Amino acid sequence: MRPDCVFCKLVAGQIPASVVFEDEATLAFMDLGQVNPGHVLVASKAHAANLYELDDAQAAAVFRATARVARAVRAAFDPPGLSIYQANGAPAGQTVFHFHLHVLPRHEGDGVQLVWPVKNPPRERLAEYCAKIRAQL
Ligand SMILES: [Zn+2]
């Protein structure tokens with residue numbers, strides 16, 4: 001636990017949260033901002049600044065919890081769509097530096113925007129990128 005981390009305080013029960021689910025490794029709670037009704041955050045209980053700091057067991061736990069919460073949100077709110085959003089680093093949009101992801105019900109015209117500027121590189125470039133990543137696995 002990091003004493004200066006708001007999500008660590010939430011996990012420790014030092015600040016209130018509307019908890020929808022928890023297990024040994026994860027805590028899922030209502031996002032205070034509620035971009036759309038039913039907006040839930042799923043966080044690791046242990047402090048990890050981002051995805052890179054999760055070990056395999058933590059990663060498995062948070063994504064298992066995410067799928068479970070997403071199914072519950074769909075059943076409870078019946079949104080026509082649902083997005084999972086997770087950011088690592090300020091340029092990606094991360095504002096709280098304790099791993100979490102958003103389970104966000106979606107509706108037509110809800111104002112949520114994600115610009116997706118595809119570059120469509122040639123096939124040879126994809127093969128280069130692929131080899132570069134595979135060499136790290
Ligand atoms: Zn933390």
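**Entry 1: strands side by side**

How many bridges join strand β3 to β5, and in which sense do the two run? I opened my notebook with this one, keeping in mind that I am looking at a predicted model. I found four bridges between β3 (residues 40-44) and β5, and the two strands run antiparallel. I then picked out one rung of this ladder: Ala43 has His100 in β5 as its bridge partner.

Next I looked at strand β4, which covers residues 81-85. β4 also pairs with β5 in the antiparallel sense, here over five bridges. For a landmark on this side I noted Tyr85, which stands opposite His102 in β5.

So is β5 largely enclosed or largely open? I checked its residues, 100-106, and six of the seven are buried, so the strand is largely enclosed by the rest of the structure.

**Entry 2: a residue in helix α2**

I moved on to Val62, which I located in helix α2. Is Val62 buried or exposed? Its relative accessibility is 0%, and buried means under 20%, so Val62 counts as buried.

Which residues does Val62 touch, once those up to four places away in sequence are left out? I wrote down Thr26, Val42, Ala43, Ser44, Leu54 and Phe99. I was pleased to meet Ala43 again, the bridge partner of His100. I also took one distance: from Val62 to Gly13 I get 19 Å, C-alpha to C-alpha, with their positions 49 residues apart in sequence.

**Entry 3: rings**

How many aromatic pairs does the count give? I found one. The partners are Phe7 and Phe29, with 5.4 Å from centre to centre and 85° between the planes. Why is this pair called edge-to-face? The planes are 85° apart, and an angle over 60 degrees counts as edge-to-face, so the label fits.

I traced where the two rings come from. Phe7 belongs to helix α1 (residues 6-11) and Phe29 to strand β2 (residues 26-30). They are 22 residues apart, and the pair links distant parts of the chain. Both rings turned out to be buried: Phe7 has a relative accessible area of 7%, and Phe29 comes out at 4%.

**Entry 4: charged partners**

How many salt bridges are there? My list has three.

I started with Glu22 and Lys45, whose side chains meet at 2.7 Å, N to O. Glu22 lies in strand β1 (residues 19-22), while Lys45 sits in the loop between β3 and α2. With 23 residues from one to the other, this pair links distant parts of the chain. Glu22 is partly exposed at 48%, and Lys45 is partly exposed at 23%.

Then I turned to Asp110 and Arg106, which form a salt bridge at 2.7 Å, N to O. Arg106 has a relative accessibility of 22%, so it counts as partly exposed, because buried would need a value under 20%.

Last came Arg125 and Glu128, with 3.9 Å from N to O. Does 3.9 Å fall within the limit or outside it? A salt bridge needs the two atoms within 4 Å, so this pair is counted. How far apart are Arg125 and Glu128 along helix α3? They are three residues apart in this helix (residues 123-134), which means they are separated by about one helical turn. Both are partly exposed, Arg125 at 35% and Glu128 at 49%.

Note on methods: Residues are numbered from 1 along each chain as its sequence is written. This is a predicted model: local features need pLDDT of at least 70, side-chain atom pairs count only at pLDDT 80 or more; totals for chains, interfaces and linings use all residues. Side-chain values use heavy atoms; hydrogens and water are left out. Rings of Phe, Tyr and Trp (its six-membered ring) pair if their centres lie within 6.5 Å; planes under 30 degrees apart count as stacked, over 60 as edge-to-face and the rest as tilted. Buried means under 20% relative accessible area, exposed over 50%, partly exposed in between (1.4 Å probe, protein chains only). Two strands pair if DSSP finds at least two bridges between them. Contact means heavy atoms within 4.5 Å.
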